[in-house]
Amino acid sequence: MKLSHYLKIFESRDNPDECIVFSTKRASIVQLARETLTEIASGDLCREDADLLARLEIIVPDVEAEKKAMLAFGRTWGRSSPVLNIVAILNLDCNFACPYCYENGVKGNFYMSAQTADALIAFARQRFDADKKMLLVDFHGGEPLLSLDLIQHISGALKPFVESRNGTYAFTLVTNGSLLNRKTVEALKTLGLESVKITLDGPAELHNSSRPFKSGAGTFDVIVNHIKEICDLVKVNIGGNFEQGNYRRFPELLDVLIDEGLTPDRVGRIKFDPVTASIDRSEALAAYKGGCSCLNEPWLVEAEAFLREAIFARGYRTVKPQPAFCMVESENSFTVNWDGGIYKCPAFAGRQGFQAGDLKSGVWNASDPYHVGLWGKNQACMDCAYLPMCFGGCRFLKFVRDGRIDEVDCKKPYLDAALEGLILQEVRYRDGR
């Protein structure tokens with residue numbers, strides 16, 4: 001048995017006789033004695049330890065076979081999944097005026113019609129075949145709650161259909177939170193609402209400048225009060241969009257949440273991400289020059305470690321380093337735009353050259369526009385221990401930078417710089433240190 005190809009091994013900060021082994025394939029963290037690594041290399045590992053490490057896929061019989069299996073997994077991932085995932089963009093309208101919004105170039109008074117919603121229902125029913133066990137719909141906008149009637153209509157039709165097939169129907173909302181009051185959540189819970197993601201861009205001063213109402217009025221207090229109203233009814237995940245010049249103030253938001261009674265036991269995960277740069281040159285974005293187009297920007301390593309430390313230190317949960325497979329690679333993941341166009345990623349919805357079909361005629365070609373499987377043709381990707389955490393990176397960021405996605409968006413420089421610190425954070429807080 002050999003050490004898996006998909007491992008990163010780090011020095012233990014507490015014990016020089018131990019190391020920390022992280023599986024990029026399984027997202028498992030194992031603390032091993034250095035002696036154990038020596039025994040693996042020499043083939044002297046005892047049977048009991050070998051069986052345990054094999055189950056965790058820390059050791060494998062054949063490294064080359066493991067790499068080929070990863071390629072096969074990538075090619076079939078999603079095809080055999082029992083889950084059908086649909087992102088439904090119900091409108092491109094919004095009651096906020098966020099200067100950095102990546103939809104600013106396409107936003108407007110565009111709403112999915114009742115006829116298109118019925119076509120979406122038919123598409124989901126047709127795709128929910130005998131092998132499927134769950135249908136998960138993620139409602140997006142604009143602001144999806146401006147189309148509350150469509151959420152209720154679509155879910156009201158799909159939930160009983162899926163359950164008649166002995167499956168599970170659930171939906172999530174990506175919402176600005178301004179319309180998400182208790183009455184609305186109570187109504188949506190009966191239709192399958194599973195969780196919501198709400199954005200707070202730091203403390204009130206920062207948030208109100210980056211996420212105001214169209215009138216210019218602040219939105220922070222409205223959103224926080226709504227989270228307090230609904231957090232006992234539905235899981236609320238909180239996001240936030242930071243920039244290089246303001247991320248150090250985001251811990252202030254966490255302290256406000258605690259003061260408001262939104263303690264770690266009352267909310268789900270908290271995850272802060274850099275603002276994404278825009279490719280649009282619309283008038284709406286003329287005054288906004290910020291945003292990030294590459295994870296490999298050096299300041300992001302320090303920013304992520306700083307923000308995760310603040311989240312952990314206050315007892316909140318955040319997303320762990322783990323395998324990440326883009327939805328464009330899955331045969332059972334689709335984005336349906338407000339007009340019925342089918343895409344493979346919500347960031348590309350409405351963009352010329354990326355439509356993969358429509359609700360009227362079905363899926364035409366979901367592979368070529370997105371260069372599905374590009375990473376599998378790239379030898380550097382196939383030789384990289386980070387492959388399960390990247391699979392060629394983010395196509396949209398690549399498009400933002402270069403206007404094309406026929407090459408991979410390599411995350412290796414970022415992971416080389418950041419992963420050790422993130423894993424040591426996980427170990428420290430997991431062990432209560």
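So, how many strands form the open sheet, and in what order? There are 3, they run in the order β2-β3-β4, and the pairing is antiparallel. β2 and β4 stand at the edges with a single partner strand each, so one side of each has no neighbour in the sheet. On average, neighbouring strands here are turned by 30° against each other, direction ignored; the axes behind such angles are lines fitted to C-alpha atoms, for helices over the stretch in contact, and angles run from 0 to 180 degrees between N-to-C directions.

Quick housekeeping. This is a predicted model, where local features need pLDDT of at least 70 and side-chain atom pairs count only at pLDDT 80 or more, while totals for chains, interfaces and linings use all residues. Residues are numbered from 1 along each chain as its sequence is written, and side-chain values use heavy atoms, leaving out hydrogens and water.

Strands (E, at least two residues) and helices (H or I, at least four) are DSSP runs numbered from the N terminus, and two strands pair if DSSP finds at least two bridges between them.

Back to the sheet. β2, residues 7–11, is joined to β3 by 5 bridges, and a hairpin links the two through 6 residues. Lys8 has Phe22 as its bridge partner in β3. On the other side, β3 pairs with β4, residues 29–33, over 5 bridges, again antiparallel. There Val21 is matched with Val30, and Phe22 stands opposite Ile29. The hairpin of β3 and β4 has 5 residues between the strands, and in it Ala27 takes a positive phi near 60°.

What about β3 itself, residues 18–23? 5 of its 6 residues are buried, so β3 is largely enclosed by the rest of the structure. Buried means under 20% relative accessible area, exposed is over 50%, and partly exposed is in between (1.4 Å probe, protein chains only). Helix α1, residues 34–42, lies across β2, β3 and β4, at about 85° to β4; contact means heavy atoms within 4.5 Å.

Now the rings. The structure holds 23 aromatic pairs. Rings of Phe, Tyr and Trp (its six-membered ring) pair if their centres lie within 6.5 Å; planes under 30 degrees apart are stacked, over 60 edge-to-face, the rest tilted. Phe242 and Phe250 have ring centres 6.3 Å apart and planes at 80°, so they are edge-to-face. Phe242 is buried at 3%, and Phe250 is buried at 0%. Both belong to one aromatic cluster with Tyr247, Phe272, Trp299 and Phe306.
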